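I opened this notebook page to record what I looked up, beginning with the cysteines and then moving to the chain contact and the salt bridges.

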Number of protein chains: 2
Amino acid sequence: MPFDIPFADRLNNVETSAIRELFKLLGKPGIISFAGGFPDSTLFDVDGIREAVNAALTEEAGGALQYGATEGYGPLREQIAAFMATKGASALSPDDLIVTTGSQQALDLIGKTLISPGDKVIVEGPTFLATIQCFKLYGAELITAPVDGDGVRTDALEALIAEHKPKFVYLIPTFGNPSGALLSAERRRSVLEMAVRHNTLIVEDDPYGDLYFGEAPPPSLLALSDAVPGSRERLVHCGSLSKVLSPGLRVGWMVAPAALLAKATMCKQFSDAHTSTFAQATAAQYLKAGRMPATLAKVRAVYAERAACMGAALRRELCDAIDFVQPQGGLFVWARLTGSGGRLADGGELARRAIDQGVAFVPGAPFFARQADAATLRLSFATVGPERIEEGVRRLAKALQG
Amino acid sequence: MPFDIPFADRLNNVETSAIRELFKLLGKPGIISFAGGFPDSTLFDVDGIREAVNAALTEEAGGALQYGATEGYGPLREQIAAFMATKGASALSPDDLIVTTGSQQALDLIGKTLISPGDKVIVEGPTFLATIQCFKLYGAELITAPVDGDGVRTDALEALIAEHKPKFVYLIPTFGNPSGALLSAERRRSVLEMAVRHNTLIVEDDPYGDLYFGEAPPPSLLALSDAVPGSRERLVHCGSLSKVLSPGLRVGWMVAPAALLAKATMCKQFSDAHTSTFAQATAAQYLKAGRMPATLAKVRAVYAERAACMGAALRRELCDAIDFVQPQGGLFVWARLTGSGGRLADGGELARRAIDQGVAFVPGAPFFARQADAATLRLSFATVGPERIEEGVRRLAKALQG
């Protein structure tokens, strides 16, 4: 008798990703890929990480290799609090945060602790794909708030909060994946004020905030929350070392009100007991060694050059066929096909044609939880050098013509 | 206006652990602790792990520090398949398993992919505490099957399967936490046969199977499944490096039918994207270097000596006040207060008195999902040397008298 595995009902809420299908085509030789969401591995500070792990194994082998506290490795929590202080979140104590297995796990713990099936959650349209699926697995009904060049439109967001009374609002205010948008200082304050006014929890996901190209972006919602009474107790902040140091460490963190941290810690105990202490002790030694400022300066400079190169090439090669806001940080250009002159305005179709021309990117539609804009594209400049970026954009122009 | 965090309904299914409260008392100076569930960190092969991580950073820094496949790092999946082959699971390909963030995450993924609220799951009474809570968070209704000195009683188990038609049965057949029991070869075969007969999924959790003291235990359910037609497609097997190499790496794995692995991988993508590639590449190098046999020989010899010492001391000091089966492997003695001569037969009360005498252990009642046996105790010999074990047992005897 063949055996059908009796899967849980929650799996009916998620679909297999359209993007996965596309990624299967990326193995084609010679392809230039703007499709990834990865930092450039040639920028990793391998020597610094090697020194850090060797220091950890010399100074604290027991701690680095044994079971650890579910909340996170003490010395790392201290280093993260100090790192956050350099970014304006100065009143943070190590007890105000827990370490998570990448910020993806912070999202999972938020879903697990907060979402009951049928609960409404507001996200940006577009937003991070893995957030959509993560929250859907817990049964969330997602509502999308529109985004423009200054980030989420706070007028529309407030109307949606008033209408739907969501369990929480999930935002990536700084150089978000995929929009690359930067929420203005004024709108940040407005988001915090509406959290208090509507008694709503806000989740700020901030994996890209350190990757700015020129001036530093406005302070995070977390850093600003001191100035808006009552907002801090309605705010969750997720951070990560993945985009700036190494995704392979899987070191992220979550700052939240004490009651939420306690429940998230309990859930984490049954999710993975704790984040790898081997990786945590390494990250703690790395931060302690004071290498982060130089690492940040290096990656900012490289990504800034590539972003400028891609922006210029897109304007030159695709002219009025494409519309985008030049990113001020992060890893992505988020663009929209205008359809001008009767040209193709479907991102999915262009992605397929682009593969034939030897260039890959991700169509934007899957990043919308609802009301997808099929004309959108996400182009990552992170892992491609300037010459190849220019060649890739030329191929993209050809794909659009063909 | 104070803000009450709107927690999800699923949190109502779990309680704060009674054991946690006890652990707070362990900081008392001079206390001898039989309470932990940890391997002894002084046995960790720090030099071997240092060589492994340095080899990983030299030979494959990109892979060790970049994002990786959700299924696991290819070279590690190969090494794990080869390691499993040395333990009798010879037909295993790397594609038959995924790497998980400790075997705790395998349990979480099993819950996420299989349990809908209200589903019944059969576990042993007693069983691993974090399994109980993990499955309850997904809404499982737990049924307990009784355990004796030869592991789960298969006659009772079959009757419970027939009565409850569970989503799956969860077993720790080899030196389980807390029972320490070893499921006999005959019962192993019987479990596989009833899986086929009743068309029921069996989950075998096997973190302790490598820690045997004399002869090797009977083959795992996974290794035996080749001999029972139809059983392999109804079997999930969870393994881990935590008890034999290092818990801090958080490297576990899950062998399962392809359809279940695919759904577990999808869920893992939204749980933590992937297990630390830094830890995975290190573990792969360690296994490739061929150090595991010597490491296993060392830890087996040390734990065997401690187990023998604890068994002898318990018999000598507590005589007929206590009843237990001498463990043939693992980290635990599972004992029962007999109440003989009118002495205390409550494990929780003895645990409190024992703290006053300077020795700690974990009462057994919380390890039962239902129908707790309050007379039981879990004593770990893993992290305490022979002399301290003898002193600790003397203190325990005093606590029982006092």
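I began with B:C238, which is buried at a relative accessible area of 0% (buried is under 20%, exposed over 50%, partly exposed in between, with a 1.4 Å probe and protein chains only). This is a predicted model, in which local features need pLDDT of at least 70 and side-chain atom pairs count only at pLDDT 80 or more, while totals for chains, interfaces and linings use all residues. Residues are numbered from 1 along each chain as its sequence is written, chains are lettered from A and ligands numbered from 1 in the order in which they are written, and side-chain values use heavy atoms, with hydrogens and water left out.

**Cysteines.** I searched the whole structure for disulfides and found zero over all chains, a disulfide being a pair of cysteine sulfur atoms within 2.5 Å. B:C238 is in no disulfide, and its nearest cysteine sulfur, in B:C134, is 10 Å away. I then checked A:C267, which is buried at 0% relative accessibility; the closest cysteine sulfur to its own is also that of B:C134, at 9.9 Å, and this is too far for a bond.

**Chain A against chain B.** I noted 80 residues from chain A and 80 residues from chain B in the contact (heavy atoms within 4.5 Å). The buried area, meaning the accessible area (1.4 Å probe) that two parts lose on being put together, summed over both, is about 6700 Å², with 63% of it from carbon and sulfur atoms. A:F3, A:Y67 and A:F270 supply 12% of what chain A buries against chain B, more than any other three residues.

I found two salt bridges across this interface (a side-chain nitrogen of Lys or Arg within 4 Å of a carboxyl oxygen of Asp or Glu). A salt bridge also joins B:D108 to A:K112, with N to O at 2.7 Å.

**Other salt bridges.** I counted 46 over all chains. B:R232 and B:D96 form one of them, their closest N and O atoms being 3.9 Å apart. The pair ties together parts 136 residues apart in sequence, because B:R232 and B:D96 lie in separate loops of chain B. B:R232 is partly exposed at 26%, as is B:D96 at 23%.

By contrast, I found B:D272 and B:K268 both buried, with their side chains meeting in a salt bridge at 3.0 Å, N to O. In chain A, I recorded a network of salt bridges linking A:D45, A:E51 and A:R291.

Technical notes. Helix = DSSP H or I, 4+ residues; strand = E, 2+ residues; numbered from the N terminus.
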